[in-house]
Amino acid sequence: MKEFMYTVKDEQGIHARPAGMLVKEAKKYESKITIYKDEKSAEVTRLMALMALGIKCGQEVRVTAEGPDEEAAADGIKAFLEANL
């Protein structure tokens, strides 16, 4: 399992448009990608669950990738977050 921490920099946090793009990015990988905020978590491929986390600007999240392409999945999601959120 690969894991990394990320602090959201987007002023609006993870809102509808970037969340939809994040889901699309996550679906490129076979690995299960999960995002954790405090004690809550959501699979990144589930848009409504991701939105329900209510991640705001400045909050730190933990992202894990587990599966056959976990290395590529973690790197790809981290690059997406840095570029878009």
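What radius of gyration would a compact globule with 85 residues have, and what value does the protein have? A compact globule of that length would be near 12 Å, and the protein has 11 Å, which agrees. The model on display is predicted.

**The whole chain**

Begin with the full C-alpha trace, which spans about 35 × 20 × 20 Å along its principal axes. Colouring by secondary structure should bring out three helices and four strands. Followed from the N terminus, these elements come in the order β-α-β-β-α-β-α. If contacts between residues at least 6 apart in sequence are considered, 72% of them join residues at least 24 apart.

**The surface and the charges**

Next, switch to a surface view. The protein exposes about 4900 Å², of which carbon and sulfur atoms supply 47%. Of its 85 residues, 42% count as buried. Then select the charged side chains: 13 are positive and 15 are negative. The centres of these two sets lie 6 Å apart.

**The nonpolar core**

Hide the surface and turn to the interior. In soluble globular proteins, nonpolar side chains tend to be buried together. Here the largest nonpolar core has 26 residues, and the members that touch the most others are Ile14, Ile33, Ile35, Leu50, Val63, Ile77 and Leu81. Two or more residues each are contributed by strand S1 (2-7), helix H1 (16-26), strand S2 (32-37), helix H2 (47-52), strand S4 (60-66) and helix H3 (70-84). H3 gives the largest share, namely five residues.

Select Leu81 and display its surroundings. Apart from neighbours within four places in sequence, Leu81 is in contact with Phe4, Tyr6, Leu22 and Val63. Val63 is itself among the core residues that touch the most other members.

**Strand S2 and the loop after it**

Move now to Thr34, which lies in strand S2. Is Thr34 buried or exposed? Its relative accessibility is 8%, so Thr34 counts as buried. Residues up to four places away in sequence aside, Thr34 touches Ser41, Ala42, Glu43 and Val44, and also Arg62, Val63 and Thr64.

Finally, select Asp38, in the loop between S2 and strand S3 (40-43). In contrast to Thr34, which is buried, Asp38 counts as exposed because its relative accessibility is 64%. The backbone of Asp38 also merits inspection: its phi is near 55 degrees, a positive value in a residue other than glycine.

Conventions:
Residues numbered from 1 in each chain as written. Predicted model: local features only at pLDDT ≥ 70, side-chain atom pairs only at ≥ 80, totals over all residues. Heavy atoms only, no water. Rg over C-alpha atoms; globule rule 2.2 N^0.38 Å. Buried < 20%, exposed > 50% of the residue type's maximum accessible area, 1.4 Å probe, protein only. Contact = heavy atoms within 4.5 Å. Areas by Shrake-Rupley, 256 points an atom, 1.4 Å probe, with all protein chains shown as cover. Lys, Arg positive; Asp, Glu negative; His and termini not counted. Charge placed at Lys NZ, Arg CZ, Asp CG, Glu CD. Core = buried A, V, L, I, M, F, W, Y, C linked by side-chain atoms within 4.5 Å.
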